[in-house]
Amino acid sequence: MSDYYFKTSDLSVGYNGNALINDINVELSKGQIMTLIGPNGSGKSTILKSISNHLKTIAGTVYIDEKSLSDLSYKDVSTRMAVVLTERPKVELMTCRDVVATGRYPYTGRLGILSAEDNEKVDAAIKLVNAEEIAERDFTATSDGQRQRVMLARAICQEPEIIILDEPTSFLDIKHKLELLDILRMMVETKNIVVIMSLHEIDLAQKASDIIMCVKGDHISQLGTPRDIFTKESITRLYDLDKGNYNNYFGSVELPAPVGEPDTFVIAGAGTGIGIFRELQKKKIPFYAGVLHTNDLDYQVALDLAAEVVSAQAFENITEEEYKKAEELMKKCSKVIYSGVEFGTTNRANKRLLEEAKMLGKELPDAERIGR
Amino acid sequence: MKDFDSRRAGRYTIVFVVLAIAFLTIIVLNITIGSVDISVRDIIKILFMDADGSTQYGIIWKIRMPRVFMAAILGGALSLSGFLLQTFFANPIAGPYILGISSGAKLFVSFTMIVITQLWGHANSAEMIIAAFVGSLASIGFVLLVSRKVPSMSMLLVAGIMIGYICTAITDFVITFAADSDIVNLHNWSKGSFSGMAWSNVTIAFFVVMITSVIVFCLSKPIGAFQMGEAYAQSMGVNVAVFKVVLILLSSVLSACVTAFAGPISFVGIAVPHLIKLFLKTSKPIVVIPAVFLGGAVFCTGCDLIARTVFAPTELSISTVTSVFGAPIVIWMIIKRQKK
């Protein structure tokens with residue numbers, strides 16, 4: 001299959017001849033974004049440095065356009081691959097536009113003077129990342145978000161087929177993270193290039209990538225589409241989340257569930273419970289939740305935070321059996337929190353549960369005060 | 001955009017014109033002022049009309065002209081060497097003097113001078129340059145070794161300064177035990193001075209410095225890439241490993257040439273590139289390299305003028321004057337950087 005633009009075969013990477021990560025095999029075609037995720041120190045940067053020719057590979061081969069990277073000259077590589085590194089270059093007295101213009105280096109003459117065409121390409125790249133208003137500002141005086149956009153524009157006007165970015169979203173606020181990833185997405189679609197990057201934000205990795213590489217230990221623990229990778233099991237295993245909990249529907253995490261014998265029962269549904277669950281978690285109060293339908297928003301969060309969740313099948317009425325189970329747990333508790341959820345046809349049993357609690361004289365704290 | 005570019009070009013032009021005027025003025029001043037004042041009219045008469053062999057003719061042709069040209073050539077070389085080292089170490093306070101490179105050259109030159117004069121009588125300037133070059137490389141090699149072990153830039157400078165002290169101590173030791181006739185010569189030279197330059201020396205220095213400087217200018221493009229850091233330079237297509245060696249060799253040749261003829265001269269290599277970049281408001285090598293050279297020539301000829309006239313007939317060593325002007329600039333730079 002020759003429609004792959006970038007490929008590694010049995011690649012081993014590491015420092016000073018010692019392999020840290022072995023047997024990396026991946027194939028990427030143009031128009032794809034591959035994101036490396038994994039715990040700190042797992043070697044994401046080492047892999048990126050190796051495939052961008054900044055670090056000697058230990059074994060195996062990196063192919064670009066069916067040519068081995070080690071057979072290409074630095075100049076050949078420079079017209080095919082651009083990089084955006086983590087650290088800010090220590091330049092002085094250079095405007096942002098000057099920095100972007102360094103991307104034209106492989107194409108300018110002996111003295112590096114920009115032609116009219118080069119200047120047009122620099123301007124186009126600046127426009128693409130929406131950096132026109134800072135183009136003439138001193139590069140050292142830019143914010144982190146602006147700096148990353150400038151460095152990306154620089155990579156773009158190098159006209160590469162592959163852009164490699166090492167943690168491009170670190171230090172950026174959420175707006176700039178989204179902006180940067182959106183630009184990358186647009187780049188792969190319009191310019192038909194390959195993007196390889198590392199990210200710490202797994203929620204963003206899931207949404208912006210076509211292929212995910214999980215780096216852990218001395219090998220690639222998983223490689224696949226976001227749909228394959230972002231499951232509760234994979235992510236929990238990848239990051240050793242023995243406490244915190246990852247939710248694959250939300251792409252988000254919850255803090256660890258409170259431990260101990262619950263003395264609180266929460267009656268919720270339709271998203272009214274999430275705030276209460278999180279508030280109880282912060283106060284380290286273990287609790288039961290029920291009865292929640294499996295298609296309920298609250299159900300997803302309760303799974304992560306509650307000691308036990310009584311669930312009902314989606315779109316069906318709560319069965320008598322499920323009610324009995326909830327009642328049993330509720331009776332063990334001295335407090336019952338009612339989130340204020342409306343009672344309709346399918347969750348009518350919860351109304352009965354609440355009345356039962358009142359009858360049994362359970363303490364009923366105000367849900368508003370707990371914080372929903 | 002266009003506006004911005006033309007403003008930049010205007011600034012470059014002004015800086016170069018001012019430097020050129022300053023250069024010519026200081027050259028003229030250097031030739032006219034001295035223990036014997038010679039008017040500009042007399043100078044023109046002596047240079048272009050009758051070479052009558054008068055005292056004034058001798059002063060101009062044999063003393064002041066070679067001296068001022070040497071100061072200009074070596075000043076340019078020193079500043080350029082500083083600029084290259086600053087690029088190499090990505091540190092604006094790096095320079096041939098502060099990193100101990102000048103002192104290493106000094107040690108080797110004085111040693112060679114003593115050995116050669118004792119064995120064969122007289123050392124020629126080619127031998128001096130080679131000795132200085134070897135000395136420069138030896139101390140820069142040492143600095144590089146240290147820089148591998150300690151990543152901190154300030155500690156690197158401290159290491160350089162220490163190397164400088166060690167080399168100076170050994171030089172003093174060698175001079176103390178040298179044969180009497182050499183001492184006077186060596187003593188003046190080891191403090192740094194442009195005095196007593198012969199045209200033959202000027203010619204050699206001119207060729208060595210000019211060829212090296214032209215090569216440096218032709219390397220403006222990779223030097224510019226290198227300013228972005230090694231990793232980016234490589235991704236732009238520069239063979240970084242080779243380029244680093246070239247950079248070190250070029251800056252060593254330049255500073256070696258200076259040390260061989262005029263001894264170690266302090267602070268020029270740091271202060272001049274800094275001021276020039278500030279005036280030009282850019283660090284683009286293609287503009288900065290010629291301006292730094294010209295600026296170094298102006299700075300050194302100016303300092304030499306002060307060195308030999310202010311307390312005439314007593315002459316100050318050139319480093320005394322360059323330190324007075326250069327050191328405050330460096331201190332100011334450090335404070336300014338800290339504020340950022």
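**Entry 1: where the chains meet**

How many residue pairs are in polar contact across the interface of chain A and chain B? I began my notebook with that, keeping in mind that this is a predicted model. I found 11 such pairs, with both residues at pLDDT 80 or more.

Next I asked which parts of chain A do the touching. The elements giving two or more residues to that side are helix H2 (74-78), strand E6 (81-84), helix H3 (96-101) and helix H5 (144-157) of chain A. I sorted the residues on this side of chain A by type and got 15 nonpolar, 10 polar and 9 charged.

Then I looked at the contact list: 34 residues of chain A are in contact with 26 residues of chain B. I also looked up the area, and the two chains bury about 2,800 Å² between them, with 59% of it on carbon and sulfur atoms. Three residues caught my eye here: A:Tyr74, A:Leu93 and A:Tyr105 supply 26% of the area that chain A buries against chain B, more than any other three residues.

**Entry 2: charged pairs**

A reminder to myself: side chains of opposite charge can pair when their charged atoms come close. Between chain A and chain B I counted 3 salt bridges. One of them joins the side chains of A:Asp98 and B:Arg8, at 2.5 Å from N to O.

Over all chains, the count comes to 27 salt bridges. I picked out a pair within chain A, A:Arg88 with A:Asp144, where the closest N and O atoms are 3.6 Å apart. This pair links distant parts of the chain, as A:Arg88 lies in the loop between E6 and H3 of chain A and A:Asp144 in helix H5, 56 residues apart.

**Entry 3: the outline of chain A**

I turned to chain A as a whole and counted 14 helices and 16 strands. Is chain A spread out or compact? Its radius of gyration is 27 Å, well over the 21 Å that the globule rule gives for 372 residues, so chain A is more spread out than a compact globule. Along its principal axes, the C-alpha trace of chain A spans about 90 × 45 × 35 Å.

I checked the domains too. The assignment gives domain 1 (6-241) and domain 2 (255-370) in chain A. The centres of these two domains, taken over C-alpha atoms, are separated by 46 Å.

**Entry 4: two backbone oddities**

I went looking along the backbone of chain A. The peptide bond from A:Gly290 to A:Val291 is cis, with omega near -20°. A:Val291 has its place in strand E14 (residues 287-293) of chain A.

My second find was A:Leu93, which has a positive phi of about 50° although it is not a glycine. Where does A:Leu93 lie? I found A:Leu93 in the loop between E6 and H3 of chain A. I had already met A:Leu93 among the three residues that supply 26% of the area chain A buries against chain B.

**Entry 5: the outline of chain B**

Last, I read through chain B. I counted 14 helices and 0 strands, so to speak a run of α after α along the sequence. The radius of gyration of chain B is 20 Å, close to the 20 Å that the globule rule gives for 340 residues, so chain B is as compact as a globular protein of that length. The C-alpha atoms of chain B fill a box of roughly 60 × 55 × 35 Å along the principal axes.

Definitions and conventions: Residues are numbered from 1 along each chain as its sequence is written. Chains are lettered from A and ligands numbered from 1 in the order in which they are written. This is a predicted model: local features need pLDDT of at least 70, side-chain atom pairs count only at pLDDT 80 or more; totals for chains, interfaces and linings use all residues. Side-chain values use heavy atoms; hydrogens and water are left out. Contact means heavy atoms within 4.5 Å. Buried area is the accessible area (1.4 Å probe) that two parts lose on being put together, summed over both. A salt bridge is a side-chain nitrogen of Lys or Arg within 4 Å of a carboxyl oxygen of Asp or Glu. A polar contact is a pair of N or O atoms within 3.5 Å; within protein, one must be able to donate a hydrogen and the other to accept it, and residues adjacent in sequence count only if both atoms are side-chain atoms. Helices (H or I, at least four residues) and strands (E, at least two) are DSSP runs, numbered from the N terminus. Ala, Val, Leu, Ile, Met, Phe, Trp, Tyr, Cys and Pro count as nonpolar, Asp, Glu, Lys and Arg as charged, and the others, Gly among them, as polar. Domain bounds come from an automatic or database domain assignment. The radius of gyration is taken over C-alpha atoms; the globule rule is 2.2 Å times the number of residues to the power 0.38.
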